[in-house]
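Before working at the bench, it helps to go through a structure slowly, with a tutor who gives the reasoning behind each answer. Please look over the chains first.

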Amino acid sequence: MKRSVTATIIMLAASLALSVSMACAETIKIGAILAMTGPASFLGAPEARTIEMLAEELNAKGGIGGNKIELVIKDSGGNPEKAISFAKQLIEEEKVFAIIGPSTSGETLKIKQICEDGKTILLSCAAAEQIVNPVAKYVFKTPQKDSQVVHAIFETMKANKISKVAVLASNTGFGQAGKGQIEKQAPESGIQVLATEVYDSKATDLSAIVAKLAANKEIQAVINWSIEPAQAIVLKNARQAGWNVPIYQSHGFGNIKYVEAAGVAAEGVIFPAGRLLIADKLADKHPQKAVLVKYTKDYETKFKEEASTFGGHAYDAFKILCRAIEQAGANKEKVRDAIENMKGFVGTAGVFNFSPTDHNGLGQDSVTMLTVKGGNFIEYKK
Amino acid sequence: MTLELFSQYLLAGITYGIIYAIVGIGFNIIYNTTGIINFAQGEFVMLGGMIAISMHQWLPLPLAIVAAVLLVMLIGALVEILFIRWLDRPSVLRMIIITIGISILVREAALHIWGEGVRSLPYFVGNEITTVRILGARVSPQVLWVIGVCTVMVLALSLFFKYTLQGKKMQACAANRVAATLCGISTKNMVTLSFMLSAGIGALAGCVMSPITYTQYDIGTGLAIKGFTVAILGGLGSSMAAVAAGLLLGLIESFSVSVVPLAFQDAISISLLLAILFLRPHGLFGNKDAADLKEF
């Protein structure tokens, strides 16, 4: 008798669980691992806000084909160890449909294999080329590759007849990947790297190292590769030391807050970025104009802060995923195939043309050189 | 090394060093009256900068800084009254864990209030690219502000401990708490005062350094580690030793970039801390016999 009671309870519980899971089938769970706090929060915070905004917008319209989106956002603080445990949690416990993020290259490279093993689509918002090279079946990324970005910098340098540079990089995955690309491409581009220095991502003062580099009169320009506030500190310290060489930054500089933080020291800095930062200055016929203007306007009215390229990377990731789900239905494998074969998707970073060998889908033309004038971003023209 | 480069390193080292020294002194003041290390010391520095930045929206800069320092002193007092005062003869370990808890609490609160972005006060004189020339080196005038304000603070503190009644009472607590109580000194009030004092100097340092280093909700931890290194290096309890140790550490850090890669800068200070803990646990300037008598 007792046994049958237990059996009934188990059956009841099972049927209850079943009905719950059937009710849940209406929503598509999308995970996100973003550095909302910590040194990379300039990236992760706008990314998280962006996907929250987009999910809200989408759900208000009834979701994708009647399926609502449920976001599960985890704050990694930019810490690769946390990213690993969140990735496992999202894949194994939450059983998410796909993961957006992480914000930084170091974190992405750490979880690349985990997503591959868990057969879960990863749409990274980080830059390093290694994320998509070698290609992993389930791993995609939306920002421009650092190889393209370095190429754009070197082209500008060649045009300016600069051949001897110093490289500064932070000790993060992003900094190290960028430094690697610079060292790899420098010989082909005829650029000589005279000095390389790596600093801690939490560095608060770099005047000593700037003094050391400034003493080398052969250095014609500096390339700094980081995403932390250190990029603004480098600018201030160099200008305070009276060192007036051109300073090139990575695409990590694409947030107006860094310009505000560096004040007048940011004037004239040259860096590569997507066109989001100059959305309002683009010609009306530019293919990205409509997308960029809508996104920046929506973001800025909702959050009362200026949009950055980083939020744009999350925008692209979210929209690409939604489009693929729309085309292929809520089936992981089919959605993966749909992303891999997606062509002509107009995003904030550029026009995406994915292929089985290219999981980034952006061409060299997605990168443009910008500079700072009067506290604003403008297109750099020699 | 040219003279110009030498003086550039020297000034950078003094700037880091004096900031570390102020945090180290903050540790010492509280250590002297309570026998504990207050790991929320770095958070006082962060709060000073953050509150001053917020106040500066309505108040002129000097008033904003004064208001921030007073507010942080109040917070320091509140922390002591709420979390430390009512404990009946707590163990050292328990008090340390409480201060670690407070530091996490303050950091999270700051994250919610001010967000994750970096902020900074405007430069007191000039702007981001203004420089002055000293011994061939070019530095921001703000560096002189940091060095100047911190030096004045150190001098004022030593005068306070030497010549005022309150200062002497605090020193009495440091020397022997039981004897001080027997002399009619309220050790509990002295503990509150020590929290206010170290919160105040931390906050002021946080304000003057803000234009150079920026202020972010999580800068406290890094500063606390450096300040702790300095306090240990000099010998716990002695403020003047902390100044010497702070300058030493700052100079080692800045000159080290000329020989080893910059990436090792933090490794140097941490190895120094470890070496001191192993070889001279009572610090460079501390007295071994006196250290043996202490609980921690």
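What follows is a conversation between a student and a tutor about this predicted model.

Student: How many salt bridges are there over all chains?

Tutor: Side chains of opposite charge can pair when their charged atoms come close. The rule asks for a side-chain nitrogen of Lys or Arg within 4 Å of a carboxyl oxygen of Asp or Glu. By this rule, the count over all chains is 16 salt bridges.

Student: Which side chain does Glu56(A) meet in a salt bridge?

Tutor: The N to O distance of this pair is 3.1 Å, and the rule allows a nitrogen within 4 Å of the oxygen. Glu56(A) lies in helix 2 (residues 41-60) of chain A and its partner in helix 10 (residues 289-303) of chain A, so the pair ties together parts that are 246 residues apart in sequence. The partner counts as partly exposed, at 39% relative accessibility. The side chain that Glu56(A) meets is that of Lys302(A).

Student: How many residues apart in sequence are the parts that Lys137(A) and Glu333(A) tie together?

Tutor: The side chains of Lys137(A) and Glu333(A) meet in a salt bridge at 3.9 Å, N to O. Because Lys137(A) lies in the loop between strand 4 (121-124) and strand 5 (139-141) of chain A, while Glu333(A) lies in helix 12 (residues 332-340) of chain A, the pair ties together parts that are 196 residues apart in sequence.

Student: Is Glu43(B), which meets Arg107(B) in a salt bridge, buried or exposed?

Tutor: The two side chains meet at 3.1 Å, N to O, and they link distant parts of the chain, with Arg107(B) in helix 4 (residues 92-114) of chain B and Glu43(B) in helix 2 (residues 41-55) of chain B. Buried means under 20% relative accessible area, and Arg107(B) counts as buried at 17%. Since Glu43(B) has a relative accessibility of 1%, Glu43(B) likewise counts as buried.

Student: Where is the nearest side chain of opposite charge to Lys74(A), which has no salt bridge?

Tutor: Lys74(A) is found in strand 2 (residues 68-75) of chain A and is buried. Among the residues that Lys74(A) touches are Ile33(A), Phe86(A), Leu90(A) and Glu94(A). A salt bridge needs the nitrogen within 4 Å of the oxygen, and the nearest side chain of opposite charge, Glu94(A), is 4.4 Å away.

Student: Which residues form a negative surface patch with Glu260(A)?

Tutor: Glu260(A) lies in helix 9 (residues 256-262) of chain A and is exposed, with a relative accessible area of 54%. A patch is made of residues with over 30% relative accessible area and no salt bridge, like charges being joined within 9 Å. The residues that form the negative patch with Glu260(A) are Asp280(A), Glu300(A) and Glu306(A).

Student: What covers the buried residues of helix 7 of chain A?

Tutor: Helix 7 (residues 207-214) of chain A is mostly covered, with 7 of its 8 residues buried, including Ile209(A), Val210(A) and Leu213(A). The cover includes strand 6 (164-170), strand 7 (192-199) and helix 8 (230-240) of chain A, together with helix 1 and helix 10 (239-256) of chain B.

Student: Which residues does Gly17(B) touch, not counting residues up to four places away in sequence?

Tutor: Gly17(B) is found in helix 1 (residues 3-34) of chain B and is buried, with a relative accessible area of 0%. With those sequence neighbours left out, the residues that Gly17(B) touches are Gly246(B), Leu247(B) and Gly250(B).

How values were computed:
Residues numbered from 1 in each chain as written. Chains lettered and ligands numbered in written order. Predicted model: local features only at pLDDT ≥ 70, side-chain atom pairs only at ≥ 80, totals over all residues. Heavy atoms only, no water. Patch = residues over 30% accessible without salt bridge, like charges linked within 9 Å, V, L, I, M, F, W, Y side chains within 5 Å. Areas by Shrake-Rupley, 256 points an atom, 1.4 Å probe, with all protein chains shown as cover. Lys, Arg positive; Asp, Glu negative; His and termini not counted. Charge placed at Lys NZ, Arg CZ, Asp CG, Glu CD. Helix = DSSP H or I, 4+ residues; strand = E, 2+ residues; numbered from the N terminus. Buried < 20%, exposed > 50% of the residue type's maximum accessible area, 1.4 Å probe, protein only. Contact = heavy atoms within 4.5 Å.
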